[in-house]
Amino acid sequence: MFNVAGVKAEQGRILYIGQKFEDVKSLKNGVYLYDTAAKKSSCLLEPGRYLIKGFDLYQDKAVLNLTDGESYGNGQNGDFYTIDIQTKEQKLLLSHEHHCVGNTVTTDVKLGGGQTMKKDGKYLYFTSTVDMDCVIERLDMESGECLRITDKGSVDFLDVKDEKLVCTAFTESRLEELYECKDGKLCQLTHLNDFVQDEYDVCTPEYIEVKGNAPWEIQGYVLKPADYVPGKKYPGILAMHGGPRLTYGPVFMHQMQMFANAGYFVFFCNPRGSEGRGNEFGDIRRRFGEIDYQDFMEFTDGVLKKYPDIDAARIGVEGGSYGGFMTNWIIGHTDRFAAACSQRSIANWTSMEGSTDIGYYFCKGQTGASHMEDHELQWKQSPLASADKCTTPTLFIHGEKDYRCYMGEAFQMFAALKLHGCDAKLCLFEGENHELSRSGRPKQRLKRLEEMKAWFDKYLMKTDKEV
C-alpha cells in the first residue's frame with residue numbers, strides 16, 4: 001500500500017509526499033515527483049529519513065520544510081531546504097527551527113480547512129507560530145531571506161496572488177473573519193461575527209508573565225469575571241491546552257468566555273512543552289509531569305499573587321487531551337484545587353500506546369519510553385500511578401468514539417478515584433470523538449459545558465459560610 005500524505009501540482013509536474021508500507025506506517029515520508037508527459041515518477045528523497053512539515057515546487061527545485069527529529073522528537077520544528085529535481089542535491093535554504101510552520105494556537109471555535117502555505121512568484125507565504133501568535137512569513141525561495149509579514153493575531157488559512165494577500169484570522173478577542181494584509185496590518189473584510197462583541201460580554205484576556213525556576217518566563221493570560229467588582233472574592237479555574245505542543249494565545253475561547261460570564265476568573269498559560277518558543281522549550285520527553293507541572297504550579301502562584309480577588313480556596317483545574325493528562329497528574333500530586341475536570345485524557349501510557357490510533361509512535365515520541373523498552377519510565381510518567389493519592393473531586397468527560405485517547409483512559413482514572421474514596425463522575429458522550437469540544441454535535445457540546453459548569457459550581461461557588 002502507498003499512502004499519499006500531500007500533493008502540489010503545476011505545469012505537468014506533481015510533487016507528492018508519502019510512503020509504501022504494509023504493517024506499520026512511519027512518520028517519515030519520502031518525496032516524489034510525477035511527470036505527467038512521461039507518465040513516470042521519480043524519488044527525490046527516500047522515505048524513513050525526514051519528517052516533512054511543508055513542501056512546494058519552485059522552478060527546477062522542490063522546497064521543503066523538514067527535520068530528522070533526532071534531537072527533539074516527532075514534534076521537532078524543521079528548516080527549509082531545496083532539492084534539485086535533476087541532480088537531487090539537497091541544500092539548506094533557511095534555518096527555521098525557532099518557529100513552528102503552521103498554526104498551533106488553539107481555540108474551540110475554529111472549524112474548516114484551507115491552505116497554510118502558498119507560492120506567489122519567487123515567494124513562499126506560510127503560517128508560523130511565534131510565541132502566542134500565528135503570523136504570516138514570506139520566504140524568498142532564491143535568496144533564503146525570510147520576512148515576517150504580520151505581527152499579531154492568529155492566522156489560520158491564507159491565499160495570495162500577485163502579492164495580494166488574504167487570510168482568515170482571529171484578532172484581539174474577536175471571532176474569526178476574513179482579512180486582507182496591507183503593509184503588515186490585517187484589514188478586516190468581513191463582519192460575520194461582530195454581533196458577538198455587540199450583544200455579549202466578551203472579556204479581554206490580560207497578559208501575565210511569571211518568573212519561576214525555569215530559564216524561561218511562563219507566559220499566560222487571565223480573564224476577569226464579566227461582573228468583576230474589585231475587592232469581591234471570586235473562584236478561579238486553571239485551564240490547560242492539549243498537545244502538548246499547542247499554544248494558548250489571547251484569541252476567543254467560547255468555553256473560557258462562558259466561565260468568565262458565569263463569575264469565574266479563568267487563567268491559562270504555555271508551560272514548557274508548548275509550541276511557539278523553539279525546540280528546546282517544546283521538548284519535555286522523559287519529563288512529562290515534572291517540569292510542566294512545576295510551570296503550572298508556579299504560574300498559579302503568580303496569578304494568585306497578582307489577582308488577590310481570586311479565592312485560593314476555591315480554584316479548579318481543567319484540560320483536554322494533554323491538558324487531560326495534566327489534570328490527571330495534578331490531582332495525584334497536590335490537593336490545592338477544590339475541583340477538577342479531566343477531558344479526553346491520558347491515564348496510563350502503556351494502555352494508550354496499545355489502544356489508540358497514534359499510540360504506537362506518540363507515546364514513545366512524547367515520554368521517551370515504550371512499554372517494551374523502558375516500562376518503568378513510562379509508568380513513572382503515568383497519572384494512574386499516583387491516582388490513589390487523589391482527594392480532588394473530579395469530573396471525567398470522554399467521547400465514546402475517541403480513538404486518539406481511548407475511553408479506557410477515563411475509565412481507569414475514574415475507577416481508581418472511586419476505589420480510593422474520592423468523589424468522581426464520568427460522562428461518556430455517545431458517538432463523539434476527540435473533537436467533542438471543538439466540532440462535536442451542538443447538543444453534545446452544550447451538554448458538555450452544562451456538566452462542567454454544574455461540577456465547578458458545586459465545589460467552587462461555595463463561600464466559607466456555606467462549606
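R174 and D194 form a salt bridge in this predicted model, with their closest N and O atoms 2.7 Å apart. Because R174 lies in the loop between strand 15 and strand 16 while D194 belongs to helix 1 (residues 194-199), the pair ties together parts that are 20 residues apart in sequence. The structure holds 29 salt bridges, and the points below take up several of them, together with a run of paired strands, the surroundings of T107 and a nonpolar surface patch.

**Salt bridges**

- The two partners of the R174 pair fall into separate accessibility classes: R174 counts as partly exposed at 22% relative accessibility, whereas D194, at 17%, counts as buried because the limit for that class is under 20%.
- The side chains of E290 and K380 also meet in a salt bridge, for which the N to O distance is 3.9 Å. This pair links distant parts of the chain, with E290 in the loop between helix 3 (279-282) and helix 4 (291-306) and K380 in helix 8 (residues 375-380), 90 residues apart.
- E290 is partly exposed, having a relative accessible area of 34%, while K380 has a relative accessible area of 53% and is therefore exposed, a class that begins over 50%.
- Salt bridges that share partners join E10, R13 and K119 into one network.
- D151 forms a salt bridge with R148, and the closest N and O atoms of this pair are 3.6 Å apart. D151 is partly exposed, with a relative accessible area of 44%, and R148 is likewise partly exposed, with a value of 35%.

**Strands 15 to 17**

- Strand 15 (residues 164-170) pairs with strand 16 (residues 177-182) in the antiparallel sense, over five bridges, and within this pairing L165 has C181 of strand 16 as its bridge partner.
- These two strands, 15 and 16, form a hairpin with six residues between them, and in the turn E172 has a positive phi of about 50°. R174, the salt-bridge partner of D194, lies in the loop between strand 15 and strand 16.
- Strand 16 pairs in turn with strand 17 (residues 185-188), again in the antiparallel sense and over four bridges, and Y179 stands opposite Q188 in strand 17.
- The hairpin of strand 16 and strand 17 has two residues between the strands, and D183 takes a positive phi near 50° there.

**The surroundings of T107**

- T107 is found in the loop between strand 9 (100-101) and strand 10 (117-120), and its relative accessibility of 5% places it among the buried residues, because that class covers values under 20%.
- A polar atom of the T107 side chain lies 2.6 Å from the backbone oxygen of F252, and the side chain of T107 also reaches the backbone nitrogen of V109 at 3.4 Å.
- When residues up to four places away in sequence are not counted, T107 touches F170, V251, F252, M253 and R438. Of these, F252 is the residue whose backbone oxygen lies 2.6 Å from a polar atom of the T107 side chain, and F170 falls within the span of strand 15 (residues 164-170).

**A nonpolar patch at the surface**

- F2, V4 and V7 make a nonpolar surface patch of about 250 Å².
- Within this patch, F2 is found in strand 1 (residues 2-10) and is partly exposed, with a relative accessible area of 36%.

Technical notes:
Residues numbered from 1 in each chain as written. Predicted model: local features only at pLDDT ≥ 70, side-chain atom pairs only at ≥ 80, totals over all residues. Heavy atoms only, no water. Buried < 20%, exposed > 50% of the residue type's maximum accessible area, 1.4 Å probe, protein only. Polar contact = N/O pair within 3.5 Å; in protein donor to acceptor, adjacent residues only side chain to side chain. Contact = heavy atoms within 4.5 Å. Patch = residues over 30% accessible without salt bridge, like charges linked within 9 Å, V, L, I, M, F, W, Y side chains within 5 Å. Areas by Shrake-Rupley, 256 points an atom, 1.4 Å probe, with all protein chains shown as cover. Salt bridge = Lys/Arg side-chain N within 4 Å of Asp/Glu carboxyl O. Pairing = 2+ DSSP bridges.
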